[in-house]
Amino acid sequence: MALDLSALSRQVRAMSGSLAVEAGDKHGRQALALGRYLESADDHALWAQAAELSRETSAWLLARPLEPLNRTHDLPPRPADYALVATDGSQIDVERHGMAACYVINIGRVFLRYGAHPAARLSSRPSLYYRDEDLYLSDGVRRIPIEGNYLSAKRDIEEGLALAELADEFLPRHGPGPRAYRQETFDTIRVNPPELAEGIPAIALQDGTLVRWTLAGAEKFVQDAFLQPYLRYLDAMRARGVPVASYISRPRAPEVAGTIRLMFCPDVDVAQGRGAKCSACSDAAANRTPSCMACQGLTDADILADMLDEGQRGPLFASMSRINVECYGEHLIHFFYLRVGREVARVELPRWVAEDRAQVDLVHTLVYDQCMKGQGYPVALARAHEQAIVRAADRRAFLGIVEGSLLRAELPASDSRKRESKERQAL
């Protein structure tokens, strides 16, 4: 039976009415949260301490401010010539009911140069994974399948490693140190003379977050298996002197909102060394609605949108997420928010970039310029996505190649009955 759109349309109308009622309440809470935030603008060091005190005991994510909370930075001048590399990835997941246990990661790779000598190189690189060590992580006793969030984490690593390769191939070296290393062999990547981008500013750009949130609850050996090669990639980019950044469109992060919650919390007293402890909330103990509920459901972008004009960025923050604080070390991920048209986007960067004002300004102006060239979204990332995307027809063709190859090798090449049933048209 087809989807009953008539029944759904009634539910959609009810949803629209409910959202319209909620919008007014949300707007009032946004104004209240922004007002409290701006009242505390000069006390950013105090709230940085409060975030540190509350990191282990609060029930929400937090951000540590590094600048006055009302600090805005106008768009820096854009260099006449610049270059950037960007990657994005997609995948064909492990098909449990398929013919063979395997998956594909396809990385879209982009190099763009602007100015007096424009140039572009676009490509994709698909990789097939089918060996036991590709399909499972093991600590010698247990075997954890690489699928779902863990497959996404592996793809993120491959995107980073591809960025390092592109930087070695196309971008000039601004710092001493070793070149990038591949995860599998640790062999030095072959380096071509970076004639296309010698002597001009350059950045490396990824789509999505640099914080590997999907690994936050993973066991230590799983975290290490994914994070160590990723951190080595960041080591290589730091040694090369190429700023790394990521762009998040329509961000839903609530970390700054979490720090604003501390400003409402009656239990926070930095002078006494007390942070927020949600399990012992004094408001809840007195049967009052917790004061911090003014921020419930609000994102950073919701709150900060009204303080940023076109092209401006807000203050720098450090993410206080557990995996970031405990695992990233010198690459601790920082972020700022950037006004791009109707959107407030989040830009993330490792600490060694955040601590260099010139590099932050370069990331700011080049990311914004890319958004202008891409009609609101970085054009380099859009092109990388186009190179990476795996369409339904591609997936079917890949499965056909697998089936033909297995048959030629005289290996079993049949799907499970469940998959065959799904693929048959219903009568």
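1. Phe 335, at 0% relative accessibility, counts as buried (buried meaning under 20% relative accessible area, exposed over 50% and partly exposed in between, with a 1.4 Å probe and protein chains only). This is a predicted model, in which local features need pLDDT of at least 70 and side-chain atom pairs count only at pLDDT 80 or more, while totals for chains, interfaces and linings use all residues. Residues are numbered from 1 along each chain as its sequence is written, and side-chain values use heavy atoms, with hydrogens and water left out.

2. The chain has 427 residues, of which 51% are buried, and it contains 14 helices and 11 strands (DSSP runs numbered from the N terminus, with helices being H or I of at least four residues and strands E of at least two). Among contacts with a separation of 6 or more, 75% come from residues 24 or more positions apart, a contact being heavy atoms within 4.5 Å.

3. Eight aromatic pairs are present in the structure (rings of Phe, Tyr and Trp, the last by its six-membered ring, with centres within 6.5 Å; planes under 30 degrees apart count as stacked, over 60 as edge-to-face and the rest as tilted). Phe 317 and Phe 335 are stacked, because their ring centres lie 5.6 Å apart and their planes stand at 20 degrees. This pair links distant parts of the chain, with Phe 317 in strand E9 (residues 317–319) and Phe 335 in strand E10 (residues 333–340), 18 residues apart. Phe 317 is likewise buried, at 2% relative accessibility, and one aromatic cluster is formed by Phe 317, Phe 335 and Tyr 337.

4. Two arginines should be inspected together with aromatic rings, where a charge sits over a ring if NZ of Lys or CZ of Arg is within 6 Å of the ring centre and within 35 degrees of the ring normal. Arg 36 lies over the face of Phe 264 at 4.3 Å from the ring centre, and the charged end of Arg 143 is placed over the ring of Tyr 136, 3.8 Å from its centre.

5. An open sheet of nine strands runs in the order E1-E9-E10-E11-E8-E7-E2-E3-E4 with mixed pairing (two strands pair if DSSP finds at least two bridges between them). Strand E1 (63–65) and strand E4 (119–129) stand at the edges with a single partner strand each, so one side of each lacks a neighbour in the sheet. Within the sheet, strand E2 (residues 82–92) and strand E7 (residues 202–207) pair in the parallel sense over five bridges, and Leu 84 stands opposite Ile 203 in E7.

6. Helix H11 (residues 357–373) lies across E2, strand E3 (103–114), E7, strand E8 (244–248), E10 and strand E11 (343–350), and runs at about 40 degrees to E10 (axes are lines fitted to C-alpha atoms, for helices over the stretch in contact, and angles run from 0 to 180 degrees between N-to-C directions).

7. Glu 255, in helix H6 (residues 255–264), is buried with a relative accessible area of 0%. Glu 255 and Leu 62 are 193 residues apart in sequence but 4.4 Å apart in space, C-alpha to C-alpha. Leaving aside neighbours within four places in sequence, the contacts of Glu 255 include Trp 213, Asp 300, Phe 335 and Arg 346.

8. Asn 106, in strand E3, counts as buried at 8% relative accessibility. A polar atom of the Asn 106 side chain lies 3.4 Å from the backbone oxygen of Gln 387. Not counting residues up to four places away in sequence, Asn 106 touches, among others, Asp 88, Ser 124, Arg 125 and Gln 387.

Technical notes
Polar contact = N/O pair within 3.5 Å; in protein donor to acceptor, adjacent residues only side chain to side chain.
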